[in-house]
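The exercises below are meant to be worked through with the sequence and the structure side by side. Try each task before reading the solution that follows.

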Amino acid sequence: MVAGLCLGTLVPLLRGAGEGGFGAADWAALRFTLLQAALSALVSVALAVPVARALARRRFPGRGALVTLLGAPFLLPVIVAILGLLALFGRGGLVNDALALLGLPRLSIYGLHGVVLAHVFLNLPLATRLILQGWLDVPAERFRLAATLNAPVWAVIERPMLARIVPGALAAIFALCLTSFSVALILGGGPAATTLELAIYQAIRFEADVAGAAQLALLQYLLCGAAAGLALGLAPGAMGGAGLGRAVERWDAQGRAARTGDALAIGGAALFLLLPLALAALRGVGGLAELPPEVAGAAGRSLLVALGATALTLILALALAMRGGHLALVAGTLPLAASGLVLGTGLLHLLRPHVALATAALPVTALVDALVALPFALRALAPALAEIEARHGRLADSLGLTGLRRLRIVLLPLLRPALGFAGGLAAALSVGNLGAIALFAAEGQATLPLLMARLMGAYRMEAAAGVGLMILVLALGLFWAFDRGGRTRAAA
């Protein structure tokens with residue numbers, strides 16, 4: 001079913017594609033999509049290396065909380081993150097106000113540099129976590145051996161490790177940056193900064209060029225598929241060599257210069273990530289009084305879509321994890337090749353002759369959101385399920401527990417923490433997702449992200465900030481509720 005949903009959308013796209021070929025604007029959108037994704041990946045990884053290195057060789061109060069906090073931007077709705085960046089770097093933001101006080105010209109956040117800045121903000125934490133894991137995987141005995149031989153740690157340990165980890169991190173972030181609809185919609189700044197996804201949206205909503213949108217969607221599908229395949233192919237393998245898991249005192253980082261550099265790297269990254277979030281929250285509190293009347297209906301629709309998407313994500317992820325094997329892994333990875341907007345475009349072609357698009361808006365949005373979250377949920381469930389089977393599978397077999405009885409008695413109780421985390425992740429991603437709903441929603445059908453985007457387009461920034469705060473609270477609240485519920489019931 002997952003393969004059918006992801007690959008089946010190619011059929012209406014192929015049938016609906018026009019025969020005129022791509023124009024100059026389409027090729028320009030392709031070039032800009034590749035350029036912004038490449039720059040975003042390079043900058044994110046280049047900044048993540050010193051931050052990950054500093055975290056790997058320093059121990060300080062709050063380090064665990066800071067590492068955990070590095071995962072927050074992944075849960076943060078993209079449109080809320082953009083609002084925080086506008087509060088810091090926008091025309092009326094803190095940076096431009098400071099430049100004005102110094103008599104310097106104001107900076108514009110719109111265009112290529114704005115898109116790259118937003119992607120770095122969203123993906124720097126992910127790059128840091130990926131590279132930090134590479135450092136943590138190095139056995140402590142290797143550092144002790146380097147110390148015994150008086151060998152340079154950078155040359156014999158760290159540089160080879162980075163050569164193994166960095167290509168996969170670059171490919172993964174490059175693939176993520178190809179699906180940048182919300183970022184390009186708000187920060188693109190005109191035809192010169194249009195991505196393929198934004199061109200698809202414009203072709204459908206403003207030009208009524210469904211055939212042209214189908215052509216662009218096919219191109220985006222091929223591009224994302226190639227990027228996802230590259231990311232999987234460059235994923236780092238096992239490092240080789242075993243250790244005893246002991247901590248090691250990093251003697252190579254005891255000098256004043258090393259301490260100062262690590263402090264600047266950690267402090268700069270924390271400031272860059274936390275300041276926009278704090279500004280978005282502060283502006284949101286001030287904008288609550290400006291909320292439009294339709295915000296209650298939008299919140300209800302967002303909650304309904306998120307809960308439906310979460311239920312479907314968990315069912316599909318659990319089924320694929322229990323099925324196991326290469327085919328299940330490939331099926332669970334397919335949604336990475338088909339972005340949410342491309343899936344929505346294919347479903348639009350499929351449903352348009354048969355039902356009113358406004359009628360299908362919320363169900364299609366929930367379905368697309370479920371598929372978008374599926375690879376991440378499967379990544380959380382599959383290892384946990386494999387561990388349960390390794391520990392309890394033989395006993396369950398000896399007791400004759402199979403099928404639904406095995407699922408109910410053995411698997412579900414032990415999988416509750418992983419299910420709670422995966423459900424919270426799916427719900428948080430759905431609440432903040434601006435994708436398929438932008439293609440289908442009629443007037444009065446907006447979810448919170450779409451309402452926020454419309455308010456920002458109308459320059460009602462205070463009201464948009466209030467809606468952004470609601471999205472943030474709802475996303476984090478749903479994640480906390482699902483994750484805490486899974487852990488609490490597991491403990492009970």
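## Exercise 1: the core and helix α6

Of the 145 residues in the largest nonpolar core, I79, I131, L187, L381, L415 and M452 touch the most other members. A nonpolar core here is a set of buried Ala, Val, Leu, Ile, Met, Phe, Trp, Tyr and Cys residues joined through side-chain atoms within 4.5 Å, and buried means under 20% relative accessible area, with exposed over 50% and partly exposed in between (1.4 Å probe, protein chains only). The model is predicted, so local features need pLDDT of at least 70 and side-chain atom pairs count only at pLDDT 80 or more, while totals for chains, interfaces and linings use all residues. Residues are numbered from 1 along each chain as its sequence is written, and side-chain values use heavy atoms, with hydrogens and water left out.

Task: find which residues M452 touches, not counting residues up to four places away in sequence, and work out how many residues of α6 are buried.

Solution. Begin with M452, taking contact to mean heavy atoms within 4.5 Å; its partners are I79, V80, L83, A464, V467, G468 and I471, once residues up to four places away in sequence are set aside. Next, turn to helix α6, which covers residues 78-89; helices (H or I, at least four residues) and strands (E, at least two) are DSSP runs, numbered from the N terminus. In α6, 10 of the 12 residues are buried, and these include I79, V80 and L83. Finally, check the length: the expected span is 1.5 Å times one less than the number of residues, so the 12 residues of α6 should span 16 Å, which agrees with the 16 Å between the end C-alpha atoms.

## Exercise 2: helix α21 and the loop before it

Task: decide whether helix α21 is largely enclosed or not, and whether T447 is buried or exposed.

Solution. Start with α21, residues 448-457, where eight of the 10 residues are buried, so the helix is largely enclosed by the rest of the structure. The buried ones are L448, P449, L450, L451, M452, A453, L455 and M456. Just after α21, Y459 takes a positive phi of about 60°. On the other side, T447 lies in the loop between α20 (436-440) and α21, and T447 is buried, with a relative accessible area of 4%. Leaving aside neighbours within four places in sequence, T447 is in contact with A298, R301, S302, L362 and I437.

S302 gives a link to another helix. A366, in helix α18 (residues 357-398), is 64 residues from S302 in sequence, yet their C-alpha atoms are 9.4 Å apart in space. A366 is buried at 14% relative accessible area, and beyond its neighbours within four places it is in contact with V305 and A309.

## Exercise 3: salt bridges

Task: find how many salt bridges the model has, and state which parts of the chain are linked by the pair R283 and E462.

Solution. A salt bridge is a side-chain nitrogen of Lys or Arg within 4 Å of a carboxyl oxygen of Asp or Glu, and by this rule the count comes to two. One of them joins the side chains of D97 and R106, at 3.4 Å from N to O; D97 is partly exposed at 34% relative accessible area, and R106 is partly exposed at 36%. The side chains of R283 and E462 also meet in a salt bridge, at 3.9 Å from N to O. This pair links distant parts of the chain, with R283 in helix α14 (residues 256-287) and E462 in helix α22 (residues 461-491), 179 residues apart. R283 is partly exposed at 23% relative accessibility, and E462 is partly exposed at 40%.

## Exercise 4: the whole chain

Task: state how many helices and strands the chain has, and what share of its residues count as buried.

Solution. First, the secondary structure comes to 22 helices and zero strands. Second, 49% of the 492 residues count as buried. Third, among contacts between residues at least 6 apart in sequence, 83% join residues at least 24 apart. As a separate example of distance along the chain, the C-alpha atoms of G8 and L350 are separated by 9.6 Å, although the two residues are 342 apart in sequence; G8 is found in helix α1 (residues 2-8).
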